[in-house]
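Let's take a walk through this protein together. Have a look at the sequence and the 3D view, and then we'll pick out a few spots.

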Amino acid sequence: MFPIDHFKQEPTPFYYYDIHLLDETLREMSEYSSPYGFHVHYAVKANANPELLKRIAAAGFGADTVSIGEINAAISAGFPAAKIVFAGVGKTDYEISEALKLGIGCFNAESEPEIERLEENARQQGKIAPVALRVNPEIDAHTHHYITTGLAENKFGIAMEMLDHLISKCMESEWINLRGLHFHIGSQITDLEPFKILCQRINTLQEKYADVAFPTINVGGGLGIDYENPDAHPVPDFKSYFDIFHNNLKLRPQQQLHFELGRAVVAQCGSLVCRVVYVKEGVGKKFAILDGGMSVLIRPALYQAHHKIENITSKSEMTETYDVVGPICESSDTFGTEETLPKTSRGDLIVLRSAGAYGETMACGYNCRPLPSSVYSR
């Protein structure tokens, strides 16, 4: 599966991207969304690697962005401005102004002050700002509390009791074109039931605001992946996911349905490759100390997430138990405890699977360590 001889020549740590798997993921995502006329935007925050962005843009998808930097990266990769949406709770005047100049497809607005800044920036440029209102549907997606975003007390979005006022505000403005409603209930959702509930909430809102034109409904993303057994499920179950919305969401005639998928697109095609620096014998356990840690893959430290860990170069038929840790001066710099691996030695290559989403893009220079490089399948 992995080109081990090639890996041995590369300085570690680095991210390895299986482009063939990415292409297959994009193909299946298109296969199961296109028959319904759904519009899928890739969430750039999951991974902004230029080579991946170019591939996704060439496949015909749009881009979901949360900063002017991501917007510029998307345009550089070939995403048309008209297929770019701009979300985020803290859009600055500069970001709004630049995005308006570029002619992006939609701003997903998350507060009344933001709507006022959108209106003022549009007035200054003599343009109409396309706006969708991000609504908190008050659905608990039962994921990690850091990535649950659809509850009333989250910093994201607009409470439903404020919706009347903000819909009126947008409709009365000559500088805002109310394009629709936007929702996002969380990330790494593997139980599809919350998406059914989301459909019901949207149906109720559409009935309540039957006299308001919403050309688009944006249901965000959140579809999870299998971190524990990536080989069994290399591509997410896009069919079941898109069928949920087709079967449960009551769209109006000519109304478009938009999605913002990130993790589901790129997570499984990426792996972090590290070398074992030392095997440390403790009193009651062994530590496999790698040359890459939380500065190159922060998910385990930040979310208590777990990635499947593999030793791809050991020739031993014996297995031993290790705590797999990084070199960073933090106790949280641990990838896994009591991991069963083939007998591991200094210099072995260790692969952390399913690291294509929120891996490279969240890497930092903590401890003045260099950022990881990228290697692609041939």
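Keep in mind that this is a predicted model. Let's start with asparagine 47, which touches Tyr17, Tyr42, Leu52, Leu53, Val266, Gly356, Glu360 and Thr361, leaving aside residues up to four places away in sequence. You'll find asparagine 47 in the loop that runs between strand S2 (39-43) and helix H3 (50-58). Is asparagine 47 buried or exposed? With a relative accessibility of 1%, asparagine 47 counts as buried. Its side chain also has a polar atom 2.8 Å from the backbone nitrogen of asparagine 49.

Strand S2 turns up again in the second largest pocket, where three lining residues come from S2, the largest share. That pocket holds about 370 Å³ of space. It is lined by 24 residues, and the closest to its centre are His39, His41, Lys83, Gln256 and His258. Other elements that supply at least two lining residues each include helix H2 (19-33) and strand S9 (256-261). Sort the lining by type and you get nine nonpolar, 13 polar and two charged residues.

Now for the cysteines. How many disulfides does the structure hold? Zero. Take cysteine 274: the closest cysteine sulfur, in cysteine 364, is 14 Å from its own sulfur, so the two are too far apart for a bond. Cysteine 329 is in no disulfide either, and the nearest cysteine sulfur, belonging to cysteine 368, is 11 Å away. As for their surroundings, cysteine 274 is buried at 0% relative accessibility, whereas cysteine 329 is exposed, with a relative accessible area of 65%.

Notes. Residues are numbered from 1 along each chain as its sequence is written. This is a predicted model: local features need pLDDT of at least 70, side-chain atom pairs count only at pLDDT 80 or more; totals for chains, interfaces and linings use all residues. Side-chain values use heavy atoms; hydrogens and water are left out. A disulfide is a pair of cysteine sulfur atoms within 2.5 Å. Buried means under 20% relative accessible area, exposed over 50%, partly exposed in between (1.4 Å probe, protein chains only). Helices (H or I, at least four residues) and strands (E, at least two) are DSSP runs, numbered from the N terminus. A polar contact is a pair of N or O atoms within 3.5 Å; within protein, one must be able to donate a hydrogen and the other to accept it, and residues adjacent in sequence count only if both atoms are side-chain atoms. Contact means heavy atoms within 4.5 Å. On a 1 Å grid over the protein atoms alone, a cavity is a set of points where a 1.4 Å probe fits but cannot get out, and a pocket is an open set with protein on both sides within 12 Å along at least five of seven lines; lining residues have an atom within 4 Å of a point. Grid points are joined across faces, edges and corners, and a volume is the space filled by probe spheres set on the points. Ala, Val, Leu, Ile, Met, Phe, Trp, Tyr, Cys and Pro count as nonpolar, Asp, Glu, Lys and Arg as charged, and the others, Gly among them, as polar.
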